[in-house]
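Reader: I am new to this structure and would like a close look at one helix and what surrounds it. Please go through it step by step.

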Amino acid sequence: MPLSYQHPSMAFVGKRRTITRASNLSENSPLLRAAKQMVDTYIKNGMVIGLGSGNASAMAIQYLGSKLRAGALNGIIGIPTSEANASKAEEAGIPLDQYQDSSQIDFAFDDADIIEEGTLHAVIGRRRFLGEEFIIQEKLNWRETAEKIDDLFLGDAEVWRRSSIGQAGPLGGDFPFVTREGYNVLDILFTSPIESLAQVAESLNKVDGVVDHGIITKFPCTAVIVSENGLSVVDSLSTNAHDGL
């Protein structure tokens, strides 16, 4: 049986991972409450923090910065995952460092596009279509890599080169998205239910030319689910929910 999926607005990721869902992204939204809950619960003095991207992550960055300015936290170093959230973190007053292979990150958070129930495996990146994954492909021969992935999921998915402007078709249009390092980004649009995100990640890891992908499966995870009834916490280690936070 294919697994069902939640589609939250937010995922906090690290040695423990927190995912938050809400439809209202205003400053008074439950999402902000969840961001504060995550910072207050999991971030401690002296930690190196991976700073994710998205609406919810931006709220967490702002709140983390306010705690640093107030002296409630100290010794925090942030490692941003994008130029945009690096700018937000600088504005919030969070000291920053660049990620290196030797970096030891104590905790990280990021917005999630899809969360797999039961495992809490998540997809992070930019969600444009339901069931879409993305990968970062090497600088050259992106078509060859796309063909390999298309063969891998033949009949179950389509592979599109990401465009920097809107949706420009499978080839990325006249302005394909290329990272500052020169990498292409390929989106996988699944037309059939995904039975296991872990299996998809394992398959992509074996494709020559794939540098990275947005499926997170290797970290223990805690999900903070926002609903009209408040916040509930789901832990991937126990898969238990704790309501009424």
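Author:

**Helix 3 and its surroundings**

In this predicted model, helix 3 has four buried residues: Asn-85, Ala-86, Ala-89 and Ala-92. They span an arc of only 125° around the axis, which places them on the same side of helix 3. A general rule of helix geometry is relevant here: an α-helix has 3.6 residues a turn, so residues three or four places apart point the same way.

The other face of helix 3, turned away from the buried side, carries the exposed residues Glu-83, Glu-90 and Glu-91. On the buried side, the cover includes strand 4, helix 2 and strand 5 (77-80). Just after helix 3 comes Gly-93, whose phi is positive, at about 85°.

Helix 3 also takes part in a wider grouping. The largest nonpolar core has 24 residues, and Ile-43, Leu-64 and Phe-109 are the ones that touch the most other members. Two or more residues of this core come from each of helix 1, strand 4 (48-51), helix 2 (55-70), helix 3 (83-92) and strand 6. Helix 2 gives the most, with seven residues. Strand 4 and helix 2 thus appear twice in this account: they are among the elements that cover the buried residues of helix 3, and they also contribute to the largest core.

A second core is separate from this one; it has 19 residues, including Phe-153, Val-159, Leu-197 and Val-210.

The aromatic rings come next. The structure holds two aromatic pairs. In one of them, the ring centres of Tyr-42 and Phe-107 are 5.7 Å apart and the planes stand at 10°, so this pair is stacked. Tyr-42 belongs to helix 1 (residues 30-42) and Phe-107 to strand 6 (residues 107-109), so the pair links distant parts of the chain, 65 residues apart. Tyr-42 is buried, with a relative accessible area of 17%. Phe-107 is buried too, and its relative accessible area is 3%.

The other pair is Phe-153 with Phe-190, with ring centres 5.2 Å apart and planes at 70°, so it counts as edge-to-face. This pair also links distant parts of the chain, 37 residues apart: Phe-153 sits in the loop between helix 4 (142-152) and strand 10 (157-161), and Phe-190 lies in strand 11 (residues 184-190). Both Phe-153 and Phe-190 are buried. Phe-153 is also one of the residues of the second core.

Key
Residues are numbered from 1 along each chain as its sequence is written. This is a predicted model: local features need pLDDT of at least 70, side-chain atom pairs count only at pLDDT 80 or more; totals for chains, interfaces and linings use all residues. Side-chain values use heavy atoms; hydrogens and water are left out. Rings of Phe, Tyr and Trp (its six-membered ring) pair if their centres lie within 6.5 Å; planes under 30 degrees apart count as stacked, over 60 as edge-to-face and the rest as tilted. Buried means under 20% relative accessible area, exposed over 50%, partly exposed in between (1.4 Å probe, protein chains only). A nonpolar core is a set of buried Ala, Val, Leu, Ile, Met, Phe, Trp, Tyr and Cys residues joined through side-chain atoms within 4.5 Å. The arc is that of the directions from the helix axis to the C-beta atoms. Contact means heavy atoms within 4.5 Å.
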